[in-house]
Amino acid sequence: RVRPWDGGWIGVATGGLGRTDRSAVRRRDRALSLLGFRELRPGLEVRPDNVRVPLREALYDLGLEAETPVFAMGTLGPAQADQSSAAACWPKP
């Protein structure tokens, strides 16, 4: 299910989503956690783009709100890549 990582990332923009529906927030957090996403900045969850499964569909199937943007990202800039909240969250092969 994992392929070699080329340095790209998958991002999920959660900043515009509501926080009052606790059930929806729990489903969202669970879906992101199960698929290995971590918060890079408030409202932006990321994970390395190194899996063979279609993450967008898997996130929605696990309960992420359908209006949530899920997108491919290129490599992170030097400031973001050096932060402990980015590349260091996932062990290097």
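**Reading the sheet of a predicted model**

Modeller: From the N terminus on, the elements of this chain run β-α-β-β-α-β-α. Please bear in mind throughout that the model is predicted.

Colleague: How many helices and how many strands does the chain hold?

Modeller: The chain has 3 helices and 4 strands. Of its 93 residues, 40% count as buried. The accessible surface comes to about 5,700 Å², and carbon and sulfur atoms account for 54% of that area.

Colleague: What share of the contacts between residues at least 6 apart in sequence joins residues at least 24 apart?

Modeller: The share is 74%. An example of residues distant in sequence is given by Ile10 and Glu45, which lie 35 residues apart along the chain, with 8.3 Å between their C-alpha atoms.

Colleague: Let us turn to the sheet. In which order do the strands lie?

Modeller: As a general idea, strands of a sheet pair through backbone hydrogen bonds, either parallel or antiparallel. In this model, 4 strands form an open sheet in the order β2-β3-β1-β4, and the pairing is antiparallel. Strands β2 and β4 (70-73) are the edges, each pairing on one side only. From one strand to the next, the twist averages 40°.

Colleague: Strand β3 lies between β2 and β1 in that order. How many bridges does β3 share with β1, and how many with β2?

Modeller: Strand β1 (residues 9-13) pairs with β3 over 5 bridges, in the antiparallel sense. Strand β2 (residues 38-41) also pairs with β3 in the antiparallel sense, over 3 bridges.

Colleague: Which residues of β3 serve as the bridge partners of Gly11, Val12 and Glu39?

Modeller: Gly11 has Val46 as its bridge partner, while the partner of Val12 is Glu45. Glu45 is likewise the bridge partner of Glu39.

Colleague: What joins β2 to β3?

Modeller: The two strands form a hairpin with 2 residues between them. Gly43, in the turn, has a positive phi of about 90°.

Colleague: Are the residues of β3 buried or exposed, and which way do they point?

Modeller: Strand β3 (residues 44-48) is mostly covered, with 5 of its 5 residues buried. Leu44, Val46 and Pro48 point one way, whereas Glu45 and Arg47 point the other way. The residues on both of these sides are buried.

Colleague: May we examine a single residue of the neighbouring strand? Why does Ile10 count as buried?

Modeller: The cut-off for buried is under 20% relative accessible area. Ile10 has a relative accessible area of 10%, and therefore counts as buried. Its place is in strand β1. Leaving aside neighbours within four places in sequence, Ile10 is in contact with several residues of β3, including Glu45, Val46 and Arg47. Its contacts also include Val70, Phe71, Ala72 and Met73, the residues of β4. Others among them are Phe37, Asp49 and Leu55.

Colleague: Let us close with a residue outside the strands. Where is Glu65 found, and which side chain does its own side chain meet in a polar contact?

Modeller: Glu65 is found in the loop between α2 (55-61) and β4. Glu65 counts as buried because its relative accessibility is 14%. Its side chain makes a polar contact with the side chain of Arg28, at 2.5 Å. Apart from neighbours within four places in sequence, Glu65 is in contact with Leu17, Ala24, Arg28 and Tyr60.

Conventions
Residues are numbered from 1 along each chain as its sequence is written. This is a predicted model: local features need pLDDT of at least 70, side-chain atom pairs count only at pLDDT 80 or more; totals for chains, interfaces and linings use all residues. Side-chain values use heavy atoms; hydrogens and water are left out. Buried means under 20% relative accessible area, exposed over 50%, partly exposed in between (1.4 Å probe, protein chains only). Two strands pair if DSSP finds at least two bridges between them. Contact means heavy atoms within 4.5 Å. Accessible areas come from the Shrake-Rupley method with a 1.4 Å probe; for residues, only the protein chains shown count as cover. Axes are lines fitted to C-alpha atoms, for helices over the stretch in contact, and angles run from 0 to 180 degrees between N-to-C directions. A polar contact is a pair of N or O atoms within 3.5 Å; within protein, one must be able to donate a hydrogen and the other to accept it, and residues adjacent in sequence count only if both atoms are side-chain atoms.
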